[in-house]
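Me: I would like to learn how to read salt bridges, pockets and cysteines in a model like this one. Could you take me through them one at a time?

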Amino acid sequence: MKERLLQYLACPLCQRQIRLRKIADKHDNEIMQAELGCEGCAQIFPIVRGVPRFASLAEMGEEKAATASSFGWEWQHFSHQDPRYAEQLLGWLSPVRPEFFAAKIVLDGGCGKGRHTLLAAEWGARDVVGIDLSDAVDTAFDATRDCDNVHIVQGDICQLPLARVFDYAFSLGVLDHLPNPLDGFNSIASKIKPGGHLSVWVYGAENNEWITRFVNPVRLRFTSRLNPRTLLHFSKIPTAVMYLATKLIYGPVKRIGGASAARHLFYGEYLSSISDFGWREQHTIVFDHLVAPTAHYVTRKQFESWWQGIGVHDAVIGGHNQNSWRGFGQVNK
Ligand SMILES: C[S@@+](CC[C@H](N)C(=O)[O-])C[C@H]1O[C@@H](n2cnc3c(N)ncnc32)[C@H](O)[C@@H]1O
Ligand SMILES: [Zn+2]
């Protein structure tokens, strides 16, 4: 943990200031082992392997802990980076462009392996805080520790150990995995400074009936209960089907006929959008869909009501890849 993260932290229990106590191990700028203490309620939070830990799965509700533990395994195994992540990220954040990040204090809520935290830092953010509940933070820390402007924190998005200091927050593919997505949405919005911006992307209920009707029961009763290593092997079967379809059909149709031709195929916009990804990334995507015990598919109406609930009536809300909702707006004006 870099010492200047302290200015962005606040106690998740009482919101008072966090102070650094007892440093046991420091490598250059990075505090690897130490204790943080709350000035208000005196709660102690450890820094372990360079990451401040504000939540422990052992003390979480069962549903949250099970979801975080599945994702922790996923991101520790699929720790690779891919050059196509930048374009994919801009698709999720649209209309935001890389220049938007310049000099901003940014929050990546549910950062997983830190792939987007890293991009936000490369795009010129003053500081980026990536927070995740799972052990994925260890992978994110390794991926970003050479960037002076990145800070990785372990904590619950619904009880953020952060002050209201952010110019921009984004949360991608995370809220749909919370027991109550709206709690996470409100929590993240509450950390944005007046006039700051928020981007959120979630899976949609619309156009995903084949998942909610046929895949969800299998995920709930079978795949999310498998040992992750077993699921890793099992998930190669649907990955092989998707991989062949994207390489032999969706990719060529998009190249020859353009994106509008691909739209006519089953799940065309989405499958053609991932057709350039290699096996490893496609395996990650399939594994990701099968591993989580909790996954909500959100209707457009619900998604719009989240934004209206925090007073953003002019959010830019749109469908993405015909299977999900993305939103962008200015909050706390
Ligand atoms: C599908 S992954 C997306 C990760 C990242 N946003 C990305 O796109 O690479 C969902 C992430 O949400 C995290 N997560 C789930 N529940 C959480 C919670 N209550 N607080 C913080 N993170 C959570 C998981 O650990 C996981 O890393
Ligand atoms: Zn406190």
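Me: Is Arg263 buried, partly exposed or exposed?

Reply: Before the case itself, a word on the ground rules: this is a predicted model, in which local features need pLDDT of at least 70 and side-chain atom pairs count only at pLDDT 80 or more, while totals for chains, interfaces and linings use all residues. Residues are numbered from 1 along each chain as its sequence is written, chains are lettered from A and ligands numbered from 1 in the order in which they are written, and side-chain values use heavy atoms, with hydrogens and water left out. A residue is called buried under 20% relative accessible area, exposed over 50%, and partly exposed in between, using a 1.4 Å probe and protein chains only. Arg263, with a relative accessible area of 44%, is partly exposed.

Me: Which residue does Arg263 form a salt bridge with?

Reply: The term stands for a side-chain nitrogen of Lys or Arg within 4 Å of a carboxyl oxygen of Asp or Glu. The partner of Arg263 is Glu269, and their closest N and O atoms are 2.6 Å apart. By this rule the count comes to 15 salt bridges.

Me: Which parts of the chain does the salt bridge between Lys64 and Asp156 tie together?

Reply: For the elements, helices (H or I, at least four residues) and strands (E, at least two) are DSSP runs, numbered from the N terminus. The closest N and O atoms of Lys64 and Asp156 are 2.6 Å apart. Lys64 belongs to helix α1 and Asp156 to the loop between β7 (150-154) and β8 (166-172), so the pair ties together parts that are 92 residues apart in sequence. Both Lys64 and Asp156 are buried.

Me: How many residues apart are Glu304 and Arg300 in helix α12?

Reply: They are four residues apart in that helix (residues 300-309), which means a separation of about one helical turn. Their salt bridge has its closest N and O atoms 2.9 Å apart; Glu304 is partly exposed at 26% relative accessible area, and Arg300 is partly exposed at 30%. Elsewhere, salt bridges that share partners join Arg21, Lys22 and Glu35 into one network.

Me: What lines the largest pocket?

Reply: Rolling a probe the size of a water molecule over the atoms shows where empty space is left. Here a pocket is an open set of points, on a 1 Å grid over the protein atoms alone, where a 1.4 Å probe fits, with protein on both sides within 12 Å along at least five of seven lines, and lining residues have an atom within 4 Å of a point. The largest pocket has a volume (the space filled by probe spheres set on the points) of about 1,000 Å³. Its lining has 49 residues, of which Trp92, Arg115, His116, Leu172 and Trp201 lie nearest the centre, and α1 gives the largest share, six residues.

Me: How many residues in the lining of the second largest pocket are nonpolar, polar and charged?

Reply: Ala, Val, Leu, Ile, Met, Phe, Trp, Tyr, Cys and Pro count as nonpolar, Asp, Glu, Lys and Arg as charged, and the others, Gly among them, as polar. The second largest pocket, with about 490 Å³ of space, has 17 nonpolar, two polar and no charged residues in its lining, whereas the lining of the largest pocket divides into 19 nonpolar, 16 polar and 14 charged.

Me: How many disulfides does the structure hold?

Reply: A disulfide is a covalent bond between the sulfur atoms of two cysteines, and the test applied is a pair of cysteine sulfur atoms within 2.5 Å. The structure holds zero disulfides. Cys38 is buried at 6% relative accessible area, and Cys41 is partly exposed at 36%.
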